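Colleague: Before we discuss this model, could you put the sequence and the coordinates up, so that I can ask how each term is justified?

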2 protein chains.
Amino acid sequence: MAVNQADFSKANAAFVESFKDGDKPLPPARKAVLITCMDARIHPEKALGVDIGDIHVIRNAGGRAVDALRSVTISQQLLGTTEVYVVHHTDCGMVTFTTQQLRQIVKERLGADDTTHYHEFSDLEQSVRDDVELLKSSPLVKPGTPVVGGVYDVHSGAVRWLD
Amino acid sequence: MAVNQADFSKANAAFVESFKDGDKPLPPARKAVLITCMDARIHPEKALGVDIGDIHVIRNAGGRAVDALRSVTISQQLLGTTEVYVVHHTDCGMVTFTTQQLRQIVKERLGADDTTHYHEFSDLEQSVRDDVELLKSSPLVKPGTPVVGGVYDVHSGAVRWLD
């Protein structure tokens, strides 16, 4: 058994005991999709006041749009969401390395020839603006979709929207 | 302003008022990464008893591993996580369409020639097993990493681990 598995099961049993949201439909009630980072310090539903059934949440390293496009298309075309939020955050691991460095680490530790682009960035706000632009200009995103960028401060818990 | 933006801001202001977790470090305290679906009915931190700072959470349509590999490598190699959980769920939208159908919808509605593979599936448990196997056999995942598969029941809130 993996290290956290028993604790997850125990917590889930308690969650099930008080679970009252079993009848929510598949399409998100608030018709929004959020793209954010996998960072352990971000609990997006708590930070934005989101209830079960409200919004789609896509998360990956950095909250990069390029990894999220497949999911956004499904969200819009099959499940009726009409706006997208892209939120990156302070103290993100994505500013601490380059793709070349990580490929070298993978080569040394795992012996693998790694061709992954890791989509790191050096400027936090610019990374959000780049991803907003990627979504707005993608032929796979519905034209005119509002795409809102923001930055989450992991120390204060505050989200600041970018103009 | 997008439809949900003001409500997100209002909820976030209340969240900031009571925020007490501003000093958590970047690497996840519980050294685990969870891959799950973007589905609006899944609030993974609540369902598994996860605190701020505990685990990485990767989410995409279906909770598919193929979209998560870049993030898992960063999680393992740069941020020290040592186990992976892959949790798909009942009543998932990924069983309701085929890639060919969605490409046709995109063509008709957006006029785009879409070559995306949407990674839909027809058998829920098999999709979890496939993704566990993809991760276990990937040259970019640390050999010997425990990879645990599970299914979340959106009606009961229960997670069931697969053997």
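Colleague: What makes the meeting of the side chains of B:R70 and A:D67 a salt bridge?

Modeller: A salt bridge requires a side-chain nitrogen of Lys or Arg within 4 Å of a carboxyl oxygen of Asp or Glu. The side chains of B:R70 and A:D67 meet at 2.9 Å, N to O, so the pair satisfies that rule. Across the interface of chain A and chain B the rule finds four salt bridges.

Colleague: On what basis are such pairs and residue numbers given?

Modeller: This is a predicted model, in which local features need pLDDT of at least 70 and side-chain atom pairs count only at pLDDT 80 or more, while totals for chains, interfaces and linings use all residues. Residues are numbered from 1 along each chain as its sequence is written, chains are lettered from A and ligands numbered from 1 in the order in which they are written, and side-chain values use heavy atoms, with hydrogens and water left out.

Colleague: How many residues of chain A and chain B are in contact, and how much area do the chains bury between them?

Modeller: Taking contact as heavy atoms within 4.5 Å, 85 residues of chain A are in contact with 85 residues of chain B. Buried area is the accessible area (1.4 Å probe) that two parts lose on being put together, summed over both, and for chain A and chain B it comes to about 7,200 Å², 60% of it on carbon and sulfur atoms. A:F8, A:M38 and A:R70 supply 12% of the area that chain A buries against chain B, more than any other three residues.

Colleague: Why is the relation between chain A and chain B that of a two-fold axis?

Modeller: The copies are superposed by least squares on the C-alpha atoms of residues with pLDDT of at least 70 in both. A rotation of 180° with 0.0 Å of shift along its axis then superposes chain A on chain B, with an RMSD of 0.0 Å, and that is the relation of a two-fold axis. In chain A, the C-alpha nearest the axis belongs to A:R59, at 2.3 Å.

Colleague: How do you know that the copies meet through the same surface?

Modeller: Of the interface residues of chain A, 100% are also interface residues in chain B, so the copies meet through the same surface.

Colleague: Why does B:T73 count as buried?

Modeller: Buried means under 20% relative accessible area, exposed over 50%, and partly exposed in between (1.4 Å probe, protein chains only). B:T73 has 0% relative accessibility and therefore counts as buried. Leaving aside neighbours within four places in sequence, B:T73 is in contact with A:V106, A:Y118, B:L78 and B:L140. The backbone oxygen of B:L140 lies 3.4 Å from a polar atom of the B:T73 side chain.

Colleague: Why is A:D91 called partly exposed, and what is notable about its phi?

Modeller: The relative accessible area of A:D91 is 41%, so A:D91 is partly exposed. Phi of A:D91 is near 55°, a positive value in a residue other than glycine. A:H119, also not a glycine, has a positive phi of about 55°.

Colleague: Where do A:D91 and A:H119 lie?

Modeller: Helices (H or I, at least four residues) and strands (E, at least two) are DSSP runs, numbered from the N terminus. A:D91 is in the loop between β3 and α4 of chain A, whereas A:H119 is in the loop between α4 and α5 (124-137). Chain A has five helices and five strands, in the order α-β-α-β-α-β-α-α-β-β along the sequence.

Notes
A polar contact is a pair of N or O atoms within 3.5 Å; within protein, one must be able to donate a hydrogen and the other to accept it, and residues adjacent in sequence count only if both atoms are side-chain atoms.
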